[in-house]
Amino acid sequence: MEIGNSKVVPAKILSAATVGLKSELIEVEVDTVSAGLHQFNIVGLPDAAVKESRDRVSAAIRNAKFKPPHQCGRVTINLAPADLKKEGPVYDLPMALGFLLTTKQINFDYKNKLFLGELSLDGKIRPVKGVLPMAILARDLGIAEIYVPAENASEASVIEEISVIPVANFLDLVAHLLGKKKIEPAPKTDLEKFFSVEESLLDMSFIRGQEHAKRALEIAAAGGHNVILNGPPGSGKTMLAKTMASILPRLTVPEALEVTKIFSVSGQLPRGTALITRRPFRSPHHTASPVSLVGGGTYPRPGEVSLSHRGILFLDEFPEFSRNVLENLRQPLEDGLITISRAQGSLEFPARFTLIAAMNPCPCGNATDPEKACSCSPANIIKYQRKISGPILDRIDLHVEVPRIKFEKLNEVYQGEASASIRERVSRARAVQVQRFTGLTTVTNSEMGSVEIKNFCFLDTPSLELMKSAVSRFYLSARAYYRIIKVARTIADLEESPQICPQHIAEAIQYRFKTE
Ligand SMILES: Nc1ncnc2c1ncn2[C@@H]1O[C@H](COP(=O)(O)OP(=O)(O)OP(=O)(O)O)[C@@H](O)[C@H]1O
Ligand SMILES: [Mg+2]
C-alpha cells in the first residue's frame with residue numbers, strides 16, 4: 001500500500017447498508033499496491049450496482065483532478081462485514097474518499113463520520129434509498145456527523161441528535177473535509193410543524209344516505225378495524241372508501257417515523273420529503289402480483305401491505321383479486337407484519353394496516369337489491385362469493401351492506417355530517433387508546449392480544465349474556481368472539497364510555513353478519 005514505498009494503514013470509512021427496515025454499519029477499507037498491473041477490485045458480496053461503482057468512482061476522481069485508481073497499481077476495496085450482501089450505489093462516496101485517503105492525496109479525520117451517496121461521472125452526488133434508517137443507525141451508534149446527498153438531507157434531518165451535512169458535489173465535500181470551505185449542516189426539522197391538518201378533496205358530507213356505512217367507517221378509523229363494503233354497482237362503495245382518508249386521525253410522531261422508514265427503504269419517499277405526515281391510503285389494482293402486494297424480490301422490498309402500514313389498504317373489486325394474492329393477506333391481517341423468507345434467512349416488515357374491501361354480492365351486482373332482479377344463477381353467486389375464503393372473511397370485523405340509493409335520498413336538501421367533525425370524534429377515541437396503551441406497543445384497539453382484552457375489556461353480566469347467545473346462535477369462532485369485543489371497545493371509546501355496555505356489544509355483533 002503505497003505511493004512511494006512506505007506502508008500505509010488502510011482507511012476505514014464508515015457507511016451503512018439496509019437489511020429489511022434496519023440498517024447495518026459497513027466499513028469501507030481501501031488497499032493499494034503500486035507494484036504489478038493495474039487492477040481495481042471490490043470484494044465483500046457486492047451486487048452489480050456496487051461493482052459498477054469502479055467506473056463511477058474512477059471518473060469522478062479523475063474529473064476532480066486527483067490521481068485516479070488506474071495510475072495507482074492494484075486497488076482493492078473491501079466492504080466489511082463480508083457476509084452481508086451489498087446492493088446499490090450508496091458506497092460510491094465512501095469508496096472515493098477511502099481511496100483518496102489511502103493514497104494520501106487528501107487527509108482528514110474520518111472517524112465518527114458516516115458517508116452515503118452515489119457519484120455521477122462529473123462528481124455530482126445523487127440521492128440514494130434508505131437514508132432515514134441509516135440516520136437512525138448513526139444516532140444509535142453515537143456517530144456525530146452523517147454526510148448524505150443534498151436531496152436526502154431533509155429526510156435525515158428528522159433525526160435530532162446527529163449533524164446532517166448535505167453534499168451536492170464531490171469537490172465541495174473534499175473542500176469541506178479539508179477545512180477549506182465549510183458546508184453548513186442541514187437545519188433541524190421541526191416535526192410538529194409538519195402535522196398541520198390538511199383538507200381533503202372528498203368529504204363525507206358529499207355522500208347521500210349510507211349512514212350505516214359511514215358509521216362503520218368511523219368505527220374502523222377510530223379503532224383500526226377491517227371493513228368490507230358489499231352492494232350493487234354505483235351505490236357509492238368506492239366513493240365511501242375514498243372519503244375514509246378524510247376522517248383518519250393525525251399520524252403521531254412515532255407512527256410517522258415508522259411509515260417514513262418503510263417509504264425510504266422502498267425508494268418511494270417523494271424527493272425533498274422529510275417525513276410522511278399523512279396516513280397512507282393505498283389502493284392497488286386487482287391485477288397486482290403477490291410480490292407487489294406483500295413484498296419480496298431478490299433484495300426484499302416492502303409491498304403494498306407495508307406501504308399502507310398505519311393507514312388504509314383499499315382493495316376495490318375484492319373478489320377479482322386472485323385467490324393466491326388474497327390468501328397472502330392472512331398473516332398481516334392477524335399479526336400486523338409480513339415475513340419474507342429467502343435462502344439467506346427471513347425478514348420481517350411491519351404491515352399494520354386497516355383493510356377496506358369493496359365487492360358486489362354477485363357478478364351482475366344486484367343479488368342483494370330488493371327491487372332490481374338479479375340475473376345470476378345461484379351456482380354463479382356461490383362461485384363468486386367463494387372467491388373470498390372463510391379465513392379472510394373471519395378477519396374482517398365490520399361487514400357492511402351498501403344499498404342502492406333511492407331518488408328521494410339523492411335529491412334531499414339535507415347535508416350529511418362533515419368529515420372534520422367525524423374526524424374530531426375519531427381523534428378523541430384515538431387519544432383514549434393512546435392513554436390506555438401507554439407503555440405498550442399496541443396503538444389501536446384492533447391490535448389488542450388476549451391479555452390486553454382481559455385487562456381493558458371488562459364485560460358486565462348483560463353483555464356476557466349477549467355474547468353467549470351470539471356464540472351459540474351464530475357459531476362464532478374464537479377469533480370472531482374476541483374481534484367483536486374489540487369493536488365494542490372502540491364503540492364505547494367513541495362514546496367516551498369507560499365501560500363496555502350491552503348496546504356497544506349489540507352494535508358490534510350486528511356488523512358481523514352481513515356478507516357471510
Ligand atoms: N351515496 C351517494 N351519494 C352521492 N353520490 C353517489 C353516491 N353513490 C354513488 N354516487 C355517485 O356515483 C358514482 C359511482 O359510485 P361508486 O364508484 O362509489 O360506486 P360503487 O359502489 O363503487 O360501484 P361498483 O360496484 O360499480 O364499483 C360516484 O362517483 C358518485 O358520483
Ligand atoms: Mg367501485
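**Loops, ligand shell and a helix pair**

User: Where is P81 found?

Analyst: P81 lies in the loop between β4 (74-80) and α3 (92-102); helices (H or I, at least four residues) and strands (E, at least two) are DSSP runs, numbered from the N terminus. This is a predicted model, in which local features need pLDDT of at least 70 and side-chain atom pairs count only at pLDDT 80 or more, while totals for chains, interfaces and linings use all residues. Residues are numbered from 1 along each chain as its sequence is written, chains are lettered from A and ligands numbered from 1 in the order written, and side-chain values use heavy atoms, leaving out hydrogens and water.

User: What kind of peptide bond joins A80 and P81?

Analyst: The bond is cis, with omega about 5°.

User: What is notable about phi of L45?

Analyst: Phi of L45 is near 50°, a positive value in a residue other than glycine. L45 belongs to the loop between β3 (39-43) and α1 (48-51).

User: What makes the pairing of T238 with ligand 1 a polar contact?

Analyst: A polar contact is a pair of N or O atoms within 3.5 Å. An N or O atom in the side chain of T238 is 2.6 Å from an oxygen atom of ligand 1, so the pair qualifies. For N360, a polar side-chain atom lies 2.9 Å from a ligand oxygen, and for E317 the value is 3.4 Å.

User: Which residues come nearest to ligand 1?

Analyst: Of the 15 residues around ligand 1 (a heavy atom within 4 Å), R208, G234, K237, T238 and N360 come nearest.

User: Why are α8 and α21 called roughly perpendicular?

Analyst: Helix α8 (residues 211-223) and helix α21 (residues 478-494) pack at about 95°, with axes 9 Å apart. Angles of 65 to 115 degrees count as roughly perpendicular, and α8 and α21 are therefore described in that way. Residues making the contact (heavy atoms within 4.5 Å) include R215 and I219 of α8 and V487 and L494 of α21.

Terms used:
Polar contact = N/O pair within 3.5 Å; in protein donor to acceptor, adjacent residues only side chain to side chain. Axes fitted to C-alpha atoms, helices over the stretch in contact; angles between N-to-C directions. Parallel < 35°, antiparallel > 145°, perpendicular 65-115°, else oblique.
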